[in-house]
Amino acid sequence: MNMTDTLLMRKAIKLSIENVKRGGGPFAAVIAKDGKIIATGVNRVAKSNDPTAHAEITAIRKAARKLATFDLSGCEIFTSCEPCPMCLGAIYWARLEKIYYGNSKTDAKNIGFDDSFIYDEFKLEAAGRKIAAECLLPDEAIRAFADWKNQEDKVEY
C-alpha cells in the first residue's frame, strides 16, 4: 500500500508517542520509498545504553540491511523531530533524498534536547573546541589511505 507524505509523517509521530509510553525518548523515524515503508526506528539511547541509537540512525540501519545497500537514494525520511547534527550527517551519508520533520530543533531544545552547543562547536577550529583533539601518528595513519587509494577492487561510498 502506498502512503501519502501526511500518513507517513503521522506514522512517525505515532511511533514517537508510543515510544514515550514504553519509556523511550520522544523521537521516531520512518524511511519510505515510493510511498511504502522500508523501515522504522525509535530512540533507544537510554534503553540500549547507546548514544548513537537515535530514531533516524536506527531506521537508516534497518533500511540499509533490508535493501542490502548503504545507498538509500530514492528513499525519504519522515522524522518526528528535526534531525540532530549526528542524524543529519547520517542522512547525508545514506543519500536520502528528502527529510520531513514534525517538531523543530527549537521544540526539542525547549524540552531539554539542546544540540545548539554541537552546532557551535562545528564553527570552531579543533584546538578551540571543548573536547580536546590532537593529531597523533599521521605518518603511520596515512598508510591506510594510501592502501585504499591504490586498491583496485574497492567499493567507493
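This is a short talk on the strands, two pockets and two loop residues of one protein chain.

Before anything else, please keep in mind that the model is predicted.

I will start with the sheet. It is an open sheet of 4 strands, and the order across it is E2-E1-E3-E4, with mixed pairing. For anyone new to the word, strands of a sheet pair through backbone hydrogen bonds, either parallel or antiparallel. At the edges sit strand E2, residues 36-42, and E4, and each of these pairs on one side only. On average, neighbouring strands are turned by 15 degrees against each other, if direction is ignored.

Now to strand E3, residues 75-81. How many of its 7 residues are buried? The count is 6, so E3 is largely enclosed by the rest of the structure. Buried here means under 20% relative accessible area.

E3 has a partner on each side in the strand order. With strand E1, residues 28-33, the pairing is antiparallel and is made by 5 bridges. You can find two of the paired positions in the model: Lys33 stands opposite Cys75 of E3, and Ala29 has Thr79 of E3 as its bridge partner. With strand E4, residues 98-103, E3 pairs in the parallel sense, again over 5 bridges. One position to look up there is Glu76, whose bridge partner in E4 is Lys98. To get from E3 to E4 the chain passes through helix H4, residues 85-94, and this β-α-β crossover is right-handed.

Next, the pockets. The largest pocket has a volume of about 430 Å³. Which residues are closest to its centre? They are His54, Cys84, Phe113, Asp114 and Asp115, out of 23 residues that line this pocket. Three helices each give two or more residues to the lining: H4, H5 (105-110) and H6 (116-122). Of the elements, H5 gives the most, with 4 residues. By residue type, the lining divides into 12 nonpolar, 5 polar and 6 charged.

The second largest pocket has a volume of about 170 Å³. Its lining is made up of Ile60, Ala64, Phe70, Ala90, Trp93, Ala94, Arg95 and Tyr157. Helix H3, residues 55-67, and H4 each supply at least two of the lining residues. H4 gives the most, with 3 residues. In this lining 7 residues are nonpolar, none is polar and 1 is charged. Helix H4 therefore comes up three times in this talk: in the crossover from E3 to E4, in the lining of the largest pocket, and in the lining of the second largest pocket.

Last, two residues with an uncommon backbone angle. Most residues other than glycine have a negative phi. Asp34 has a positive phi, near 55 degrees. Asp34 is placed in the loop between E1 and E2. Is Asp34 buried or exposed? Its relative accessible area is 61%, which is over the 50% cut-off, so Asp34 counts as exposed.

Leu137 is the other one, with a positive phi of about 55 degrees although it is not a glycine. It lies in the loop between H6 and helix H7, residues 138-150. Leu137 has a relative accessible area of 48%, so it is classed as partly exposed.

That covers the sheet, the pockets and the loops.

Methods:
Residues numbered from 1 in each chain as written. Predicted model: local features only at pLDDT ≥ 70, side-chain atom pairs only at ≥ 80, totals over all residues. Heavy atoms only, no water. Buried < 20%, exposed > 50% of the residue type's maximum accessible area, 1.4 Å probe, protein only. Pairing = 2+ DSSP bridges. Right-handed = clockwise from strand over helix to strand, strands pointing away. 1 Å grid on protein atoms, 1.4 Å probe; cavity = no way out; pocket = protein on both sides within 12 Å on 5 of 7 lines; lining within 4 Å. Points joined across faces, edges and corners; volume = space filled by probe spheres on them. Nonpolar A, V, L, I, M, F, W, Y, C, P; charged D, E, K, R; others polar. Axes fitted to C-alpha atoms, helices over the stretch in contact; angles between N-to-C directions.
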